[in-house]
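Reader: I would like a close look at one part of this model, a helix together with what surrounds it. Please treat it in one connected account, and then go on to the places elsewhere that deserve the same care.

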Amino acid sequence: MKKQLTFYFIRHGKTVWNTEGLMQGHGDSPLTEEGVNGAEKTGVALNHIPFVAAYSSVLKRTIATASHIIGERDIPLFHHQGLNEQYFGTWEGQPVDTLREHPEFQQLIKDPANYNAVSNRGETYEQLAERAMKALDDIIKVHNYGNILIVSHGHTLRLLLALLNGATWKNHRDEDKSVSLINASISVVHYDDKKGFDVEKINESRHLV
């Protein structure tokens, strides 16, 4: 059967650790009031979209964001571990500003090909790319047509969207390949099993104003 799907990728709403400037990863802090408001505004912006299903990572901040977006609508919400944020190991919970001068942190944000997660025993971009793409493949296998809501995380979605737009995990953080995603922003990607992926928009945030 022919598959035609449209994915609405959402970064979770702002969290306490986002506000405090702490590395989050698999660490999980709750949404702030601003984060809840952002998720609700995203729900209003997408209220006209008939979603057949919604997916989030297994982390509470994406589950909460997805729930606020869905609201009272009858949309099934599933959780997939492959949509989790990149794992930052021993860096999680630490202030980003204190990590910024670390050579490996600079590789994390500027040189994905050479970031090996040695000092923090975390997850490389190659590992993240593999599991995120597998998660998307798993979702595609389940559905043949319709709109799918996916709520995930900053690093995961930035990499995934870049891959769908033709980049590689090694070069995806080049300025012309991706952007840092705003909390509760909307990115839209169409999928056709004959034509593949077509990125319509990335990091749409006008609804948050």
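Author: What follows begins with one helix and its partner, and then moves on to a second helix pair and several single residues. The model is a predicted one, and the values below are computed from it.

The helix to start from is α7, residues 154–164, in which ten of the eleven residues are buried, so that this helix is largely enclosed by the rest of the structure. Those buried residues are Gly154, His155, Thr156, Leu157, Arg158, Leu159, Leu160, Leu161, Ala162 and Leu164. As for what encloses them, the buried residues of α7 pack against the strands β1 (4–11), β4 (145–152), β5 (186–192) and β6 (196–204), and also against the helices α5 (103–110) and α6. After α7 comes Gly166, whose phi is positive, near 105°.

Of these neighbours, α6 can be described in some detail. This helix covers residues 125–142, 18 residues in all, and it reaches 26 Å from its first C-alpha to its last, close to the 26 Å expected at 1.5 Å a residue. Its buried residues are Tyr125, Leu128, Ala129, Arg131, Ala132, Ala135, Leu136, Ile139 and Ile140. A general point helps in reading such a list: an α-helix has 3.6 residues a turn, so residues three or four places apart point the same way.

How do the two helices meet? The axes of α6 and α7 come within 10 Å and cross at roughly 75°, which makes α6 roughly perpendicular to α7. On the side of α6 the contact is made by Tyr125, Leu128, Ala129, Ala132, Met133 and Leu136, and on the side of α7 by His155, Thr156, Leu159, Leu160, Leu163 and Leu164. Sorted by class, the residues of this contact are ten nonpolar and two polar, with no charged residue. Tyr125, Leu128, Ala129, Ala132 and Leu136 thus appear both in this contact and among the buried residues of α6.

A residue outside both helices also touches them. Asn84 is found in the loop between β3 (77–79) and α4 (96–99), and with a relative accessible area of 4% it is buried, the cut-off being under 20%. Leaving aside its neighbours within four places in sequence, Asn84 is in contact with Leu128 and Arg131, with His153 and Thr156, and with His26, Ser57, Val58 and Leu59. Among these partners, Leu128 and Arg131 are listed as buried residues of α6, and Thr156 is listed as a buried residue of α7.

Ser178 gives another view of the surroundings of α7. Its place is in the loop between α7 and β5, and its relative accessible area of 11% makes it buried. The C-alpha atoms of Ser178 and Leu161 are separated by 7.8 Å, the two residues being 17 residues apart along the chain. Not counting residues up to four places away in sequence, Ser178 touches Arg158 and Ala162, as well as His172 and Arg173.

The loop between α5 and α6 holds two residues with an unusual label in common, and the backbone there is worth checking by eye. Ala117 lies in that loop and has a positive phi, near 55°, in a residue other than glycine. Arg121 is found in the loop between α5 and α6 as well, and its phi is likewise positive, near 55°. In accessibility Ala117 is buried, with a relative accessible area of 6%, whereas Arg121 is exposed, with a relative accessible area of 61%.

A second helix pair can be set beside the pair described above. The axes of α2 (residues 33–45) and α3 (residues 60–70) come within 7 Å and cross at roughly 45°, which makes α2 oblique to α3. The crossing of these two helices is right-handed. In α2 the residues Val36, Ala39, Glu40, Thr42 and Gly43 meet Thr65, His68 and Ile69 in α3. The residues of this contact divide into three nonpolar, four polar and one charged.

Last comes Phe51, which is found in strand β2 (residues 51–56) and counts as buried at 8% relative accessibility. The C-alpha atoms of Phe51 and Ile148 are separated by 5.6 Å, although the two residues are 97 residues apart along the chain. Besides Ile148, and not counting residues up to four places away in sequence, Phe51 touches Tyr8, Leu46, Arg73, Ile75, Asn147 and Leu149.

Conventions. Residues are numbered from 1 along each chain as its sequence is written. This is a predicted model: local features need pLDDT of at least 70, side-chain atom pairs count only at pLDDT 80 or more; totals for chains, interfaces and linings use all residues. Side-chain values use heavy atoms; hydrogens and water are left out. Helices (H or I, at least four residues) and strands (E, at least two) are DSSP runs, numbered from the N terminus. The expected span of a helix is 1.5 Å times one less than its number of residues. Buried means under 20% relative accessible area, exposed over 50%, partly exposed in between (1.4 Å probe, protein chains only). Axes are lines fitted to C-alpha atoms, for helices over the stretch in contact, and angles run from 0 to 180 degrees between N-to-C directions. Angles under 35 degrees count as roughly parallel, over 145 as roughly antiparallel, 65 to 115 as roughly perpendicular and the rest as oblique. A crossing is left-handed if the near helix is turned anticlockwise from the far one by less than a right angle, and right-handed if clockwise. Contact means heavy atoms within 4.5 Å. Ala, Val, Leu, Ile, Met, Phe, Trp, Tyr, Cys and Pro count as nonpolar, Asp, Glu, Lys and Arg as charged, and the others, Gly among them, as polar.
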